[in-house]
Amino acid sequence: PRLANQIAAGEVVERPASVIKELLENSLDAGATRIDIDVEQGGVKLLRVRDDGGGIVEDDLPLALSRHATSKIRDLDDLERVATLGFRGEALASVSSVSRLTLTSRAASADQAWQVETEGRDMAPRVQPAAHPQGTTVEVRDLFFNTPARRKFLRTEKTEFAHLEEVVKRLALSRFDVAFSLRHNGKTIFSLRPANTEQEARRRVATVCGPAFVEQSLQVDSERSGLRLWGWVGLPTFSRSQADLQYFFVNGRMIKDKLVAHAVRQAYRDVLFNGRHPTFVLFMELDPAVVDVNVHPTKHEVRFRDGRMVHDFLFSTLYRALADQRPGDAGA
Ligand code: ADP
Ligand code: MG
């Protein structure tokens with residue numbers, strides 16, 4: 001099983017950023033309202049995620065680290081309507097096969113916490129008593145310490161951390177109701193309180209995307225025949241030199257989709273923001289029955305039942321909002 005886990009790890013665990021994604025999704029699946037992330041050396045030396053979710057009962061702790069052990073699917077029907085983020089039951093097994101992993105948890109129902117530790121070794125972990133408030137802490141040390149070939153593919157600490165931070169940002173934007181904090185080498189990168197009002201949501205976007213984006217963007221909120229689009233679209237005064245600032249969420253999940261990208265680009269172009277790279281943080285909500293977001297667990301693709309309607313809706317909403325802002329066109 002260790003080899004199988006390491007092979008599986010090749011698919012799920014590419015770098016610290018992929019580990020953090022799995023850990024954060026688990027915390028969210030467990031109903032966490034606050035998640036604290038501690039990282040050292042870009043995540044290669046240490047990744048620690050602590051949450052206040054439902055926790056894991058003693059008997060389930062070793063199971064959580066074994067392959068295909070998921071508490072999230074019980075039958076095929078479940079598989080078809082997975083609402084949770086993770087469902088393959090592979091992530092922790094994979095990560096634990098290529099790192100030194102400690103899992104500490106206290107279930108809501110338990111009067112004490114328990115811990116399991118693995119060292120990439122092929123043995124059943126021993127469960128030991130521990131101190132921990134309700135919730136779970138996963139500590140991943142020395143990623144790829146036993147798979148040097150994979151370790152060689154890691155980039156600089158700075159690059160690995162940038163990838164990791166991007167993952168945290170995406171998830172922080174997908175769950176305004178959850179508090180997130182991120183520290184790197186002992187320094188706080190950001191600390192986000194739960195954002196329950198529009199004002200607080202705006203503040204979170206400013207923290208995550210930079211205040212300039214929020215100041216130089218247009219807020220949209222539009223609804224038509226079961227589709228809702230809300231969020232922020234950067235105006236042409238906002239220019240961004242480095243990385244993309246393009247976040248699109250469908251029913252709370254970040255996606256990258258050609259149809260969506262096309263609709264946004266076209267709206268930008270038609271309002272004469274010629275050649276400009278669109279910037280946006282947008283949320284689309286629609287009936288889950290008309291969209292398939294599980295096309296591939298690690299890609300961010302999505303399939304709409306009626307792609308044309310979605311495209312038209314996105315285009316016309318953004319076009320109208322942007323056109324209203326076009327200089328010289330005020331009030332048109
Ligand atoms: P999956 O998420 O696909 O079920 P994982 O390997 O990511 O598989 O996790 C295995 C199991 O461990 C989960 O199904 C869940 O029961 C438990 N688990 C992992 N992380 C947490 C957490 N932070 N809080 C509560 N339970 C967790
Ligand atoms: Mg998972």
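Helix α7 lies across strands β1, β7 (179–184) and β8, running at about 170° to β7. Helices here (H or I, at least four residues) and strands (E, at least two) are DSSP runs, numbered from the N terminus. Axes are lines fitted to C-alpha atoms, for helices over the stretch in contact, and angles run from 0 to 180 degrees between N-to-C directions. This is a predicted model, in which local features need pLDDT of at least 70 and side-chain atom pairs count only at pLDDT 80 or more, while totals for chains, interfaces and linings use all residues. Residues are numbered from 1 along each chain as its sequence is written, and chains are lettered from A and ligands numbered from 1 in the order in which they are written.

**The eight-stranded sheet**

- Follow the strands across this open sheet and you meet the order β5-β4-β3-β6-β2-β1-β7-β8, with mixed pairing (two strands pair if DSSP finds at least two bridges between them).
- At the edges are β5 (127–130) and β8 (187–192), each pairing on one side only.
- From one strand to the next, the twist averages 15°.
- Strands β2 (residues 46–51) and β6 (residues 135–141) run antiparallel and are joined by six bridges; Leu 46 stands opposite Arg 141 in β6.
- Helix α2 (residues 16–29) lies across β1 (34–40), β2 and β6, running at about 10° to β2.

**The nonpolar core**

- The largest nonpolar core has 78 residues, and Ile 20 and Val 168 have the most contacts inside it.
- Such a core is a set of buried Ala, Val, Leu, Ile, Met, Phe, Trp, Tyr and Cys residues joined through C-beta atoms within 7 Å; buried means that 20 or more other C-beta atoms lie within 10 Å of a residue's own, with C-beta atoms placed from the backbone.
- Helix α7 (residues 157–174) gives the largest share of this core, seven residues.
- Domain 1 (2–192) and domain 2 (210–325) both contribute residues, so the core lies between them; the domain bounds come from an automatic or database domain assignment.
- Beyond its neighbours within four places in sequence, Ile 20 is in contact (C-beta atoms, placed from the backbone, within 7 Å) with Ile 37, Gly 43, Leu 47, Leu 164, Val 167 and Val 168.

**Strand β11 and its partners**

- Strand β11 (residues 246–250) pairs with β13 (residues 280–285) in the parallel sense over five bridges, and Val 250 has Met 284 as its bridge partner in β13.
- Two bridges join β11 to β12 (residues 253–254), and these strands run antiparallel; here Val 250 stands opposite Arg 253.
- The hairpin of β11 and β12 has two residues between the strands, and Asn 251 takes a positive phi near 45°.

Notes:
A residue is buried if 20 or more other C-beta atoms lie within 10 Å of its own, exposed if 12 or fewer, and partly exposed in between; C-beta atoms are placed from the backbone. Two residues are in contact if their C-beta atoms, placed from the backbone, lie within 7 Å.
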